[in-house]
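The following note is offered to a colleague who wishes to read this structure with some care. The points proceed from single residues to the sheet, its helices and a pocket.

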Amino acid sequence: MSERPAADLAAELLDLAQEAATRAGRLLRDGRPADLGVMATKSSPIDVVTEMDLAAEKLITGFLADHRPQDGFLGEEGGTSDGTSGVRWIIDPLDGTVNYLYGLPHWAVSIAAEHEGEVIAAVVAAPMRGETYRAVRGGGAWRLTRGDAGETSEPLVPRPSPPLDQALIGTGFNYVATVRTAQAALAARLIPRLRDIRRSGSAAIDLCDVAGGRLDGYYERGLAPWDLAAGDLIAREAGALTGGRPGRRPDRDLTVAASPGVFAALQPLLDELGAWHD
């Protein structure tokens with residue numbers, strides 16, 4: 001178990017997460033085969049894994065293990081191991097695999113570092129946007145943007161909360177048909193009560209878009225820890241609120257993130273409408 005000051009440890013983990021995410025993002029962006037196809041499926045025949053998911057996770061876990069061999073891992077594609085340091089890395093090497101498969105730009109690399117059960121550092125790299133989002137627990141959240149003039153950094157801040165009927169809300173749909181059908185029915189009931197709904201195909205990007213004011217809120221059912229760990233910390237450190245059903249943390253039943261005023265209206269409405277079940 002580490003005896004180092006928490007701030008020093010978090011800073012080290014953040015830098016390692018950013019370097020690993022940058023390397024994996026570069027691999028995914030520049031190494032995508034022209035004939036990329038489905039390598040395996042997960043929860044259903046349309047919930048897919050490509051060779052690039054596996055290659056990116058191998059790159060990330062290998063890089064982190066070289067620098068911190070006693071840490072544990074929880075990875076979407078099976079790169080899971082116990083550690084002895086008190087630190088565990090929660091990794092989604094390619095969030096938005098179907099987007100990536102089809103050549104759509106909305107995909108990201110998501111890496112969170114957990115210490116003694118609490119996420120203390122997080123990075124989401126979105127290479128096709130030229131953006132990386134990062135946060136340290138208690139230290140705020142930032143967006144790094146790479147352009148012709150070099151790299152710029154700016155703090156992430158949610159939009160001022162509008163009334164719910166003027167809020168733009170992101171969501172996602174499960175790959176299991178029965179769950180997706182229930183989610184579509186819920187969306188149909190919500191749309192008349194919102195400005196509109198958006199569906200990007202990447203939970204990590206949606207959470208970062210709440211953090212940076214590109215969405216007023218976001219909700220989804222069925223997220224795994226690797227889907228939300230990094231984005232949840234980034235959203236909270238930016239000043240958004242996150243949760244699950246009332247009184248609970250985000251989990252597989254329900255994840256909600258929004259600017260404070262929108263969260264106060266959206267979370268109980270989602271619970272009332274049964275967003276957490278079929």
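1. A residue is called buried when its relative accessible area is under 20%, exposed when that area is over 50%, and partly exposed in between. The model under discussion is predicted. Ser-110 has a relative accessible area of 0% and is therefore buried, given the cut-off of under 20%. Ser-110 belongs to strand S5. Beyond its neighbours within four places in sequence, Ser-110 is in contact with Ile-90, Ile-91, Asp-92, Val-123, Val-124, Ala-204, Trp-226 and Ala-230.

2. How are the seven strands of the open sheet ordered? The order is S3-S4-S5-S6-S7-S8-S9, and the pairing is mixed. Strand S3 (72-75) and strand S9 (150-155) form the edges, each pairing on one side only. From one strand to the next, the twist averages 15 degrees. As a general matter, the strands of a sheet pair through backbone hydrogen bonds, in either the parallel or the antiparallel sense.

3. At the S3 edge, S3 pairs with strand S4 (residues 87-95) in the parallel sense, over four bridges. Within this pairing, Gly-75 stands opposite Ile-91 in S4; Ile-91 is also one of the contacts of Ser-110. The residues of S3 point in two directions: Gly-72 and Leu-74 one way, Phe-73 and Gly-75 the other way. All of these residues are buried.

4. Two helices deserve attention in relation to the sheet. Helix H2 (residues 51-67) lies across S3, S4 and strand S5 (108-115), and runs at about 155 degrees to S4. Helix H6 (residues 225-238) also packs on the sheet, where it touches S3, S4, S5, strand S6 (118-126), strand S7 (131-136) and strand S8 (141-147). The direction of H6 makes about 100 degrees with that of S6.

5. Is strand S7 enclosed or open to its surroundings? Six of the six residues of S7 are buried, so S7 is largely enclosed by the rest of the structure. Both of its faces are covered, with Glu-131, Tyr-133 and Ala-135 on one side and Thr-132, Arg-134 and Val-136 on the other.

6. The pairings of S7 may be taken in turn. With S6, S7 pairs in the antiparallel sense over six bridges, and Val-124 stands opposite Tyr-133 in S7. These two strands form a hairpin with four residues between them, and Gly-130 in the turn has a positive phi of about 70 degrees. S7 also runs antiparallel to S8, joined to it by five bridges, and Ala-135 stands opposite Ala-141 in S8. S7 and S8 likewise form a hairpin with four residues between them; here Gly-138 in the turn has a positive phi of about 80 degrees.

7. A further backbone feature merits inspection. Most residues other than glycine have a negative phi. Glu-116, however, has a positive phi, near 50 degrees. Glu-116 is placed in the loop between S5 and S6, and its relative accessibility of 40% means that it counts as partly exposed.

8. The second largest pocket holds about 400 Å³ of space. Which of its 19 lining residues are the closest to its centre? They are Val-119, Leu-228, Asp-232, Arg-236 and Arg-249. S4, S6 and H6 each supply at least two residues of the lining, and the largest share, five residues, comes from H6. By character, the lining divides into eight nonpolar, two polar and nine charged residues.

9. Two residues outside the sheet complete the note, each with a distant partner in the sequence. Asp-66 lies in helix H2 and, at 67% relative accessibility, counts as exposed. Asp-66 and Gly-217 are 151 residues apart in sequence, and their C-alpha atoms are 38 Å apart in space. Pro-246 is found in the loop between strand S13 (241-243) and strand S14 (255-258), and is partly exposed, with a relative accessible area of 43%. When residues up to four places away in sequence are not counted, Pro-246 touches Gln-267 and Asp-271. Pro-246 and Gly-25 are 221 residues apart along the chain, with a C-alpha separation of 35 Å.

Definitions and conventions
Residues numbered from 1 in each chain as written. Predicted model: local features only at pLDDT ≥ 70, side-chain atom pairs only at ≥ 80, totals over all residues. Heavy atoms only, no water. Pairing = 2+ DSSP bridges. Axes fitted to C-alpha atoms, helices over the stretch in contact; angles between N-to-C directions. Contact = heavy atoms within 4.5 Å. 1 Å grid on protein atoms, 1.4 Å probe; cavity = no way out; pocket = protein on both sides within 12 Å on 5 of 7 lines; lining within 4 Å. Points joined across faces, edges and corners; volume = space filled by probe spheres on them. Nonpolar A, V, L, I, M, F, W, Y, C, P; charged D, E, K, R; others polar. Buried < 20%, exposed > 50% of the residue type's maximum accessible area, 1.4 Å probe, protein only.
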